[in-house]
Amino acid sequence: MLELSGIHKTFNIGTVNEKKALIDLNLKVNEGDFITVIGGNGAGKSTMLNVIAGVFPPEQGVITLDGVNVTKMAEHRRAGMIGRVFQDPMVGTAGNMNIEENLALANRRGKFRGLGWGVKKSEKEFFKEKLKMLDLNLEDRMGTKVGLLSGGQRQALTLLMATLIKPKVLLLDEHTAALDPKTASKVLSLTEEITSKENITTVMITHNMKDAIKYGNRLIMMMGGTIIYDVAGEEKKNLTVNDLLAKFEQSSGGEFANDRMLLG
Amino acid sequence: MVIFQTFLTGTNQGLLWAIMAIGVYISYRILDFADLTVEGSFATGGATAGIIMTLCKDFVAKGPAQGIFISVIGLLVAMIAGGLAGLVTGLLNTKLKIAPILSGILTMTGLYSINMIIMGLAIKKPMSNLGLGMVGTLFSKAEEFMPISRNWIIFIIAVIVVAVVVGLLYWFFGTEVGSAMRATGNNERMAKAQGVSTQNSKILGLVLSNAFVGLSGALVTFQQSNASVTMGVGSIVAGLAAIIIGESIISGKFPFWARLLSIVLGSIIYRIIISFIYLAGVNSEYIKLLTAILVVLALSIPLIKEKISKMPRKPKKNAKGKDEPDDTARQDAIVDEYVGEDEARKDTDVLQTEDGADSAATEV
Ligand SMILES: Nc1ncnc2c1ncn2[C@@H]1O[C@H](COP(=O)(O)OP(=O)(O)OP(=O)(O)O)[C@@H](O)[C@H]1O
Ligand SMILES: [Mg+2]
């Protein structure tokens with residue numbers, strides 16, 4: 001489905017700030033997988049998702065998505081196949097545009113944009129139906145500017161936009177990290193609901209180990225720009241936070257004391 | 001009578017310059033692209049329309065219909081020329097990754113020579129000025145047609161052109177391409193994630209913007225029967241003044257067409273004020289300084305408001321530079337003084353991390 005092979009990504013090559021963010025990263029995502037990704041700060045999690053989405057190209061390696069080599073494909077071109085939700089609720093939506101305009105933009109992801117109406121009358125019913133699913137009463141506020149919504153509402157809307165046209169893969173980068181715990185769990189269960197209903201292949205970064213264990217069928221742990229642990233199925237279901245911590249300690253040689261991951 | 005005439009000429013100038021202000025609105029407000037090309041492309045529009053009249057002067061002299069015909073061609077070519085200037089700026093920014101402001105300055109600087117070359121085409125030697133008094137313009141030719149005074153003719157034609165421009169843009173920004181353009185200016189990362197080619201959006205937006213600026217330059221040239229290489233100096237600030245005055249008239253929830261009309265109104269008010277300042281005998285050299293001060297004041301009001309309301313803002317955890325490898329974005333940020341905001345974000349970053357750690361710790 002989605003395959004990363006031999007991916008290397010280095011930032012600021014040839015400067016004092018040179019940073020190897022991904023080192024020989026290999027990952028094969030199967031159709032229908034829901035993978036949770038954990039790892040310490042700077043482990044390369046976001047960089048991996050950005051490389052998949054085409055925000056920047058890797059120096060080395062090949063990315064194939066549904067049999068297509070997308071390694072060099074521009075970000076906006078592969079966007080048709082990829083849904084994304086970001087950590088910052090401001091990033092996923094256009095705050096100056098209203099809810100239906102945002103949805104209409106998402107409804108044209110990967111399609112040709114011409115001089116037809118930006119929001120068609122026939123779409124509005126469809127949007128209403130979809131918004132009802134969120135259970136946030138947004139279906140009655142389709143003309144409201146998204147900038148007026150709360151972070152949680154924006155994140156739920158972004159999730160809806162990312163899946164409005166079924167993506168081949170959904171990339172979630174700590175999409176609940178900026179939300180308060182209650183809203184976060186609401187958005188997480190929405191994520192679960194939408195992805196399982198439509199069987200959407202998903203890669204979700206989280207800093208919460210409990211969530212990482214609770215959600216999805218597969219878990220990967222990253223460190224130093226590569227995957228150090230990849231577990232699926234029953235074995236994954238039976239994981240505990242302590243198992244993960246032990247695994248992490250073992251791989252990092254004990255020097256994890258300050259890491260945020262420990263606390264997740 | 002003098003007062004009324006001052007009103008009328010002020011209104012006319014306001015209408016003609018409003019088209020330029022709408023162009024500035026497209027780049028500055030919709031695309032969020034501080035485009036300085038305008039100062040050059042305004043004169044480019046004037047120069048092209050002027051030279052077309054001059055080169056076709058024998059045909060123009062045949063009669064009012066011929067004159068009007070050539071004038072209309074002049075306006076269209078002026079739009080194309082302005083659009084090309086915008087295209088250059090767009091390509092500099094998107095393909096060569098030159099920061100928006102610098103891209104605009106480079107094009108504007110280049111246009112200075114090009115505009116002189118255009119105005120000198122008839123005598124094959126660069127000129128800084130091109131008079132149309134002998135040749136005639138759209139307005140003088142229309143005057144031969146109609147039994148009303150020049151000012152009223154300008155008024156009628158200007159109203160028609162402005163109405164067409166506003167209508168066209170109202171339609172355009174409701175289309176898929178227009179929506180994508182608005183999204184690009186509002187949130188580039190979101191636009192990209194939704195499959196919008198933000199490069200194309202920016203290029204097209206700049207072409208559109210400067211095409212209208214060129215059209216405005218051509219109309220102003222026709223109105224004053226003269227084009228000059230410096231006619232666009234200060235136009236950005238004049239455009240911003242119109243936009244800001246307009247926004248102060250209709251703040252809050254208004255449909256897009258009302259927003260466009262508010263710019264027209266803003267431009268008219270601005271020009272009427274200037275006309276009266278002239279009438280009062282104030283030296284014209286002072287006007288630009290006055291305008292600049294006015295715009296500075298108006299621009300700083302939202303900032304001050306924001307500073308006050310910024311204090312209890314929700315912490316956001318996202319180091320902006322991190323996910324944004326785009327060089328132009330970074331240059332842009334520096335030029336736009338977003339550097340301060342970035343630092344603020346970093347501060348909240350720490351906050352949030354601690355927060356997150358706390359709540360997470362209790363969860364485990
Ligand atoms: N655009 C960039 N320019 C320079 N360095 C970058 C950039 N993006 C990431 N890095 C660096 O690459 C490394 C990996 O960063 P990445 O954002 O992928 O980490 P992460 O695993 O997502 O961490 P976190 O948990 O903090 O989000 C870090 O050292 C980071 O500083
Ligand atoms: Mg990250």
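Me: Helices here are DSSP runs (H or I, at least four residues), as are strands (E, at least two), numbered from the N terminus. What phi does Ser225(B) take just after helix 10 of chain B?

Reply: A positive one, about 50 degrees. This is a predicted model: local features need pLDDT of at least 70, side-chain atom pairs count only at pLDDT 80 or more, and totals for chains, interfaces and linings use all residues. Residues are numbered from 1 along each chain as its sequence is written, chains are lettered from A and ligands numbered from 1 in the order written, and side-chain values use heavy atoms, without hydrogens and water.

Me: Cool. How many residues of helix 10 of chain B are buried?

Reply: 21 of the 27 (buried is under 20% relative accessible area, exposed over 50%, partly exposed in between; 1.4 Å probe, protein chains only). So helix 10 of chain B is largely enclosed by the rest of the structure.

Me: Switching topic: at what angle do helices 2 and 4 of chain B pack?

Reply: About 150 degrees, with axes 8 Å apart. Axes are lines fitted to C-alpha atoms, for helices over the stretch in contact, and angles run from 0 to 180 degrees between N-to-C directions.

Me: What does that make helix 2 of chain B and helix 4 of chain B to each other?

Reply: Roughly antiparallel (over 145 degrees; under 35 is roughly parallel, 65 to 115 roughly perpendicular, the rest oblique).

Me: And which are helices 3 and 4 of chain A, parallel or perpendicular?

Reply: Roughly perpendicular, at about 100 degrees with axes 11 Å apart.

Me: Which residues meet there, in helix 3 and helix 4 of chain A?

Reply: Among them, Leu103(A) in helix 3 and Phe127(A) in helix 4 (contact means heavy atoms within 4.5 Å).
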